[in-house]
Protein chains: 2
Amino acid sequence: MAVYTEVSDDALRAFLADYDLGDLVAFRGIAEGVENSNYNLRTTSGDFILTLYEKRVDPADLPYFLGLMQHLAARGVSCPRPVPGRDGSALRMLAGRHAAITTFLPGVWPRTVRLGHCGPVGEALGALHLAGADYATERPNALGPEGWAPLLAGALADGGAAAEALAPGLGPELRDALARILDAWPERLPRGQIHADLFPDNVFFLDGRVSGLIDFYFAATDLYAYDVAVCLNAWCFEPDVSLNVTKARALLHGYMARRPLAPAELAALPVLAQGAAIRFALTRLYDWINTPPGALVTRKDPRDYVRRLRFHLAAKDAGAYGL
Amino acid sequence: MAVYTEVSDDALRAFLADYDLGDLVAFRGIAEGVENSNYNLRTTSGDFILTLYEKRVDPADLPYFLGLMQHLAARGVSCPRPVPGRDGSALRMLAGRHAAITTFLPGVWPRTVRLGHCGPVGEALGALHLAGADYATERPNALGPEGWAPLLAGALADGGAAAEALAPGLGPELRDALARILDAWPERLPRGQIHADLFPDNVFFLDGRVSGLIDFYFAATDLYAYDVAVCLNAWCFEPDVSLNVTKARALLHGYMARRPLAPAELAALPVLAQGAAIRFALTRLYDWINTPPGALVTRKDPRDYVRRLRFHLAAKDAGAYGL
């Protein structure tokens, strides 16, 4: 469910009057997405996406996100391009929310990840990293290593009772793993603009090729290889939470065809993958505990990422991922 | 939230292979609607809606619904037209559900009803009734008068405790009102195919004109004037649940410009409007009590329709609606 804010007809018309997009033809809510309200918007100029930024997005970050999309799109990345109003500004207000119109991208996100998706998504991620290299603005990764201890503390704020109820021993397991990960965290790897959330529902495919990368609202300035590790977690595990090493190899080879991984990046893959797994385990655990009954958002089970974490903790080197 | 069933890429491609619609271009869930799963589907032939019928729809009724849409569209009603597969059948299976593709309709449903919407929606309803007059199939209205006593019994199955908790005295009030309504219910008014759920989110407007009527999955064979009474309830009350008599008059005049109401229909308007109000009060009450916490559907407060019911119970004649 991704329509939290309803937009009145009058407000929408007044909003569109500030653009050179012609007349309104259709306006329908989009089911996908959980952070913001998204609408399919059709005008006599074509198809667009209208996004209203909800409370989880810090308005101060919006210029970074929109600027990054603009920058990447100008360099050939198939990502939404912010559409400016007549005054040149793409970031506007609608229905009491910050809002932006972006271009519509064709394609279908894969409900089931096949091997054939993994190479192209790796390549697309490598291309994204290269295209973002000269984007000068920086955004600290609030959900990077420095954010994980506070996240864990928040999830265990009740003395760990809710985590224990979900899975016996979960709190201590996460605490031990986090200490180990932070202790081994690599600091000096190549860094730049990363997507940080490139899950299958954020990647459109058309005829077997990537036709769109969307949802840049977790993007940040952080380790490139950490972004690769997020993708290993998101794309290369089977429903039984076993790693498909063939998919991992395809994803890594796809990435390296665009941006070769340095020896230090390869050596750090296990700990980076541990970090990526604990990051999603922690946010899901936090949401699991703090999502009120009756909320419109489906809670995701954090245990899927705890199982991934265990796999990565046992991984000795990049060989665990097929290299 | 209106995506209950996820469709895998492979299943979607196999499904589309049975149509002459060209290649898949985009596929996104639609947020609107609560009964079925709806997707925007774009192929190289154009834009369509893919609907997967969920558990509340009886598969035995689907030929009636799809046949009615086909019939109405052929007679110029702007409603979704079922698109047949190569074998000529529009009703098919996908992801374990009955499914159909229908045409995309432009327009925007009014988040805020203005006076200018009410005449056109009345006209559109009148045109729908005329166009459906020679559709030979019949479908009893399961949510018509004969369904209301069982619905009330279901909502009060706990001895009325949940209804009492929602609003003190609600159970007895509904019981008394229902007895009075059923006692006065008119049997011999003109009947035919009715939409039965023509709320604002089921009507698209473009440039002030009705561009689409959607969601025929409550359609049935029942009193035409009852359909008008549903619209009076859905379109003509202000947020403070007072009737806007100017809107009611506009809606009725719009309808009568297409299909004049007989004196007996006009005389029955108060009891028909009472029936329409109690129908939505009862289904909302039932859902309110029976929707589990954490469900993806937003429950609608039945009290808004109890207040409408009180207005209609106090109405003496069609004069209460501006005639």
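**Briefing on the predicted complex: chain A in outline, with selected sites in chains A and B**

With 14 C-beta neighbours inside 10 Å, Val241(A) falls above the limit of 12 for an exposed residue and below the 20 needed for a buried one, and therefore counts as partly exposed. Val241(A) lies in the loop that links helix 7 (224-235) to helix 8 (245-258) of chain A, and has a positive phi of about 60° although it is not a glycine. The model in which this residue appears is predicted. The predictor assigns the complex an ipTM of 0.80 and a pTM of 0.87.

**Confidence and overall form of chain A**

- The mean pLDDT of chain A is 94, and 97% of its residues reach 70 or more.
- Where pLDDT is low, predicted coordinates should not be read in detail.
- Chain A contains 11 helices and 10 strands.
- A compact globule of 323 residues would have a radius of gyration near 20 Å, and chain A agrees with this because its own value is 20 Å.
- Along the principal axes, the C-alpha atoms of chain A fill a box of roughly 60 × 45 × 35 Å.
- Of the 323 residues in chain A, 45% count as buried.
- Among contacts in chain A with a separation of 6 or more, 74% are made by residues 24 or more positions apart.

**Domains of chain A**

- The domain assignment divides chain A into domain 1 (9-103) and domain 2 (115-321).
- The C-alpha centres of domain 1 and domain 2 of chain A are 27 Å apart.
- Contact between the two domains of chain A involves 20 residues of domain 1 and 19 residues of domain 2.
- On the side of domain 1 of chain A that touches domain 2, the residues comprise 10 nonpolar, 6 polar and 4 charged.

**Buried helical positions in chain A**

- Leu272(A) belongs to helix 10 (residues 269-290) of chain A.
- Leu272(A) counts as buried because 27 C-beta neighbours lie inside 10 Å, against a threshold of 20 or more.
- Leaving aside neighbours within four places in sequence, the contacts of Leu272(A) are Ala225(A), Tyr226(A) and Ala229(A).
- Leu272(A) and Arg42(A) are 230 residues apart along the chain, and their C-alpha atoms are separated by 41 Å.
- Val306(A) is found in helix 11 (residues 303-314) of chain A.
- Val306(A) has 23 other C-beta atoms within 10 Å and is therefore buried.
- Not counting residues up to four places away in sequence, Val306(A) touches Leu170(A) and Ala281(A).
- A separation of 31 Å lies between the C-alpha atoms of Val306(A) and Leu62(A), which are 244 residues apart along the chain.

**Partly exposed loop positions in chain A**

- Ala95(A) sits in the loop between strand 5 (92-94) and strand 6 of chain A.
- Ala95(A) is not a glycine, yet has a positive phi of about 55°.
- Ala95(A) counts as partly exposed because it has 15 C-beta neighbours inside 10 Å.
- Arg114(A) occupies the loop between strand 6 (97-103) and helix 3 (115-132) of chain A.
- Arg114(A) has 13 C-beta neighbours inside 10 Å, so this residue too counts as partly exposed.
- From C-alpha to C-alpha, Arg114(A) and Ile278(A) are 24 Å apart in space, with their positions 164 residues apart in sequence.

**Helix 3 and an exposed arginine in chain B**

- Helix 3 of chain B (residues 115-131) has 17 residues and reaches 25 Å from its first C-alpha to its last, close to the 24 Å expected at 1.5 Å a residue.
- Helix 3 of chain B is mostly covered, with 13 of its 17 residues buried.
- Arg86(B) is placed in the loop between strand 4 (82-83) and strand 5 (92-94) of chain B.
- Arg86(B) counts as exposed because only 12 or fewer neighbours are allowed for that class, and Arg86(B) has 10 C-beta neighbours inside 10 Å.
- Apart from residues up to four places away in sequence, Arg86(B) touches Asp18(B), Tyr19(B) and Asp20(B).
- Arg86(B) and Arg259(B) are 173 residues apart in sequence, and 38 Å apart in space from C-alpha to C-alpha.

How values were computed
Residues are numbered from 1 along each chain as its sequence is written. Chains are lettered from A and ligands numbered from 1 in the order in which they are written. This is a predicted model: local features need pLDDT of at least 70, side-chain atom pairs count only at pLDDT 80 or more; totals for chains, interfaces and linings use all residues. Helices (H or I, at least four residues) and strands (E, at least two) are DSSP runs, numbered from the N terminus. The radius of gyration is taken over C-alpha atoms; the globule rule is 2.2 Å times the number of residues to the power 0.38. Two residues are in contact if their C-beta atoms, placed from the backbone, lie within 7 Å. Domain bounds come from an automatic or database domain assignment. Ala, Val, Leu, Ile, Met, Phe, Trp, Tyr, Cys and Pro count as nonpolar, Asp, Glu, Lys and Arg as charged, and the others, Gly among them, as polar. The expected span of a helix is 1.5 Å times one less than its number of residues. pLDDT is the predictor's confidence in each residue, from 0 to 100.
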